[in-house]
Amino acid sequence: MTARVGVVTFPGSLDDGDAARAVRIAGAEPVRLWHGDSDLHGVDAVVLPGGFSYGDYLRCGAIARFAPVMGTIVDAAHGGLPVLGICNGFQILCEAHLLPGALTRNQHLHFRNRDQVLRIEAVGSAWTNAFQPGQEVLIPVKNGEGCYVADPGTLDQLEAEGRVVARYVGGNPNGSQRDIAAITNEAGNVVGIMPHPEHAVEALTGPSLDGLGFFTSVLKHLVGAPA
């Protein structure tokens, strides 16, 4: 049976179509979810895409965190539902307290858009099990508020528990502390990543196919998950 992966659309989402396409290329059925609908329609996993939810008029992800769909997603994530937040989705996960820390303005105060090398640090999550530890991947990054910050205790805890999923290599595009590009929660089912794996799934449009592993990973996870 084909896995069904929900992709949420918020007002201001830009990459929901790209995320749905990546889900389809990976071999799953994308299911479009609307921010104002609390029903997840029986999906097996959820992607929160990049963009500018609600225009980021208050603070990135701060309004989206209160969308009806997010209430259901938070509860489902606590129950083990795999959730991937990309860029603005990562910001939303932090605002919803599914992940620790916050994403702030890039330290150099400029929007950064480039192809970025990442090193995969943790392969035990639902979204990274298709990679090898230490594997380097090339994935686009595009953000103005992608600087990951947290208090020293939280950063030390993330390191000690192996919850830093990916780090920037060959230059840090936004000043994120400890070069952190992606993290996971304690259970490993929720991952937030600032770069855009959905833009690296086809040779025609991406700098690589390296992003596809995030989406095939969740399918592998779902196959092995208890019924």
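Is histidine 97 buried or exposed? I looked it up: at 64% relative accessibility, histidine 97 counts as exposed, because exposed means over 50% relative accessible area, buried under 20% and partly exposed in between (1.4 Å probe, protein chains only).

**Ground rules.** I am working on a predicted model, where local features need pLDDT of at least 70, side-chain atom pairs count only at pLDDT 80 or more, and totals for chains, interfaces and linings use all residues. Residues are numbered from 1 along each chain as its sequence is written, and side-chain values use heavy atoms, with hydrogens and water left out.

**Overall form.** I noted five helices and 11 strands in the protein; these are DSSP runs numbered from the N terminus, helices being H or I of at least four residues and strands E of at least two. The radius of gyration is 16 Å, close to the 17 Å that the globule rule gives for 227 residues, so the protein is as compact as a globular protein of that length. That radius is taken over C-alpha atoms, and the rule is 2.2 Å times the number of residues to the power 0.38. The C-alpha trace spans about 45 × 40 × 35 Å along its principal axes. I found 55% of the 227 residues buried.

**Contacts and core.** I took contact as heavy atoms within 4.5 Å. Among contacts between residues at least 6 apart in sequence, 72% join residues at least 24 apart. Next I looked at the largest nonpolar core, a set of buried Ala, Val, Leu, Ile, Met, Phe, Trp, Tyr and Cys residues joined through side-chain atoms within 4.5 Å. It has 68 residues, of which Leu48, Met70 and Phe215 touch the most other members. Leaving aside neighbours within four places in sequence, the contacts of phenylalanine 215 include Ala22, Val47, Leu84 and Pro197.

**Around α3.** I checked helix α3 and found eight of its eight residues buried. Among them are Phe90, Ile92 and Leu93. Just after α3 comes histidine 97, with a positive phi of about 65 degrees. Histidine 97 lies in the loop between α3 and β5 (102-104). Valine 74, in helix α2, touches Ala96 and Leu98, not counting residues up to four places away in sequence. The C-alpha atoms of valine 74 and alanine 96 are 7.5 Å apart, with their positions 22 residues apart along the chain. Valine 74 counts as buried, at 14% relative accessibility.

**Rings.** How many aromatic pairs are there? I counted three, where rings of Phe, Tyr and Trp (its six-membered ring) pair if their centres lie within 6.5 Å, and planes under 30 degrees apart count as stacked, over 60 as edge-to-face and the rest as tilted. Phenylalanine 10 and tyrosine 54 have ring centres 6.4 Å apart and planes at 55 degrees, so the pair is tilted. Phenylalanine 10 is in the loop between β1 (4-9) and α1 (16-26), and tyrosine 54, 44 residues apart from it, is in the loop between β3 (45-48) and α2 (68-78). Phenylalanine 10 is buried, at 2% relative accessibility. Tyrosine 54 has a positive phi, near 55 degrees.

Phenylalanine 90 and tyrosine 148 make a stacked pair, 6.0 Å centre to centre and 15 degrees between the planes. That pair joins helix α3 (residues 88-95) to strand β8 (residues 147-149). Both residues are buried.
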